[in-house]
Amino acid sequence: MAMQDGSYERLRAAGCADEVAYVQACLRLFFTPGADTSADHADMPAPTFPAPAISATPAISATNVADIARLNKIAVFLLKALQRAPADAAPPELLGWLDGYRRRTMSMNAACIGDAIAIDRALRDRRVDFVFLKGPLQQHRLYGDHFMKPSGDVDILVAPAGFAKAREALRAIGYEVAGKSRSVWWVRFLGEQHMVREDGPRASTVDLHHRVQQPGSPSPRDIDGFLRRKRDVEVAGAAMPIISAADTLLLSSISVAKAFFNREPCAGYVCDVRASASRLSEAEQQTVLDHATEQGLADTLLLGLRAADVLLGAAGTLLSDRAARILARIDNADLFHMVIAPWLASLRWPQRRHVLWELCGREPVRYLAEAGWAASADLSRRIFERPVTPVELAPGGTIKIVGGAATHASER
């Protein structure tokens, strides 16, 4: 499980039911301005926007709303929603914080776009087949805005066979593999490496991928397909490759499943699922479902779609109808909080193996293969990602192990 943000404990202690409902209402306003959000499933949390309960009253903590928005990467969504809302819909200090967040996001993503242009040129010069994942380019495709969510690094995907060649191309323009991602666990099981280039006061980071899912959740059967289906978008006069619309929806759902596995907030990814799905006709929805089935990810797709329905309101589409069955033992209220507020102590999380079983379509052979891969990954992580044992210099220059066991004769 990923390291939890320090805000988790404070949010867990506060509960923040009003703030969570406030954030949900803002998201619904963003996606369906002017719509009546009161009609929904009976067991889902009742949206409250734009009722007086979410106006700037002492009951709403601007600090807690800000933390919920930051952890879910949806602060700019809230800012844009509140710009459509009545003047008293938000505490002034929240609006100030959201505006500052938007400005920082613009600065960060502008630098990320500049890095992407340089990376695109370097990889094309070496004839490396690649595609950009996520980031400002995807955000513009989904929302018409490069600055919806902060992007601290550039994510690119290459075929497994081209991974070493891509790494050398990046080294040629000053990037080096970050020490933590040199291990077998990172390269083999996570299927990525972080590469960093120091550029004056800031560091530029690339996440070089040859996989797009961590062990513990089903992986796509055909990674090269993301490269075959890529599309070009124009950025600063250059044509840059991004994944197709269908693959954007699929990758967003993969990110939801990954966050669900790690018990991390993922409303930002869920928003991407809704934005991607809303662009599809019914015929295209069936095509995407068929595509996901071929990739072995139909149930991963449906998890992302069901999460979007419980957070943002049911879309009433072919995909929504299919999605209602996935992880049916988790009621809508619990799934909603697992998406946006996973720090709550009251949540009844399913065991990870049960989630994997469902996402594998309850197919025994697929489940055993994915479970075995996850077990191998965990063993590798324990071997190669062990924390460094602290040492002290004892009197006489002898090295003294502080805690842990000596693993080499010279340490005993």
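This talk goes through a predicted model of one protein, from overall counts to single helices, strands and side chains.

A word on conventions. Residues are numbered from 1 along each chain as its sequence is written, and side-chain values use heavy atoms, with hydrogens and water left out. Local features need pLDDT of at least 70 and side-chain atom pairs count only at pLDDT 80 or more, while totals for chains, interfaces and linings use all residues.

First, the overall picture. The protein has 17 helices and nine strands; these are DSSP runs numbered from the N terminus, helices being H or I with at least four residues and strands E with at least two. Of its 412 residues, 53% count as buried. Buried means under 20% relative accessible area, exposed means over 50%, and partly exposed is in between, with a 1.4 Å probe and protein chains only. About 18,800 Å² is exposed, and carbon and sulfur atoms supply 54% of that; the areas come from the Shrake-Rupley method with a 1.4 Å probe, and for residues only the protein chains shown count as cover. For contacts with a separation of 6 or more, 70% are between residues 24 or more positions apart, a contact being heavy atoms within 4.5 Å.

Now two covered helices. Helix α3, residues 62-72, has nine of its 11 residues buried. Among them are Val 65, Ile 68 and Leu 71, and also Asn 64, Asp 67 and Asn 72. The buried residues of α3 pack against α1, α2, α4, α5, α11 and α15. Just after α3, Lys 73 takes a positive phi of about 60°. Helix α11, residues 267-277, is one of those packing partners, and 10 of its 11 residues are buried. Its buried set includes Asp 272 and Arg 274 as well as Val 270 and Val 273.

Next, the strands. Strands β3 (176-177) and β4 (192-199) pair in the antiparallel sense over two bridges; pairing requires that DSSP finds at least two bridges between the strands. Strand β4 also runs antiparallel to β5 (202-209), with eight bridges. Val 196 in β4 is the bridge partner of Glu 176, and Val 196 also stands opposite Thr 205 in β5. β4 and β5 form a hairpin with two residues between them, and Gly 200 in that turn has a positive phi of about 65°.

On to helix α16, residues 352-359, which holds Trp 357. Is Trp 357 buried or exposed? Neither fully: at a relative accessible area of 30%, Trp 357 counts as partly exposed. Leaving out residues up to four places away in sequence, Trp 357 touches Arg 362, Glu 363, Pro 364 and Tyr 367. Its C-alpha is 9.3 Å from that of Ser 217, 140 residues apart along the chain. Ser 217 comes up again through Glu 370, in helix α17. Beyond its neighbours within four places in sequence, Glu 370 is in contact with Ser 217, Pro 218, Ser 219, Leu 356 and Cys 360. Glu 370 counts as buried because its relative accessibility is 9%. Cys 360 is buried too, at 3%, as is Cys 112 at 5%. The structure holds zero disulfides, a disulfide being a pair of cysteine sulfur atoms within 2.5 Å.

Last, charges and the surface. There are 23 salt bridges, defined as a side-chain nitrogen of Lys or Arg within 4 Å of a carboxyl oxygen of Asp or Glu. In α5, Asp 99 and Arg 103 are four residues apart, about one turn of the helix, and their side chains meet at 3.0 Å, N to O. Asp 99 is partly exposed at 32%, whereas Arg 103 is exposed at 56%. In α17, Asp 378 forms salt bridges with Arg 381 at 2.8 Å and with Arg 382 at 2.9 Å. Arg 382 is exposed, at 52%. Elsewhere, salt bridges that share partners join Arg 10, Asp 67 and Arg 70 into one network.

Helix α17 also gives three residues to a nonpolar surface patch, the largest share. The patch is Val 184, Leu 379, Ile 383 and Phe 384, with about 360 Å² of accessible area together. Patches are made of residues with over 30% relative accessible area and no salt bridge, joining like charges within 9 Å or nonpolar side chains (Val, Leu, Ile, Met, Phe, Trp, Tyr) within 5 Å. Phe 384 is partly exposed, at 44%.
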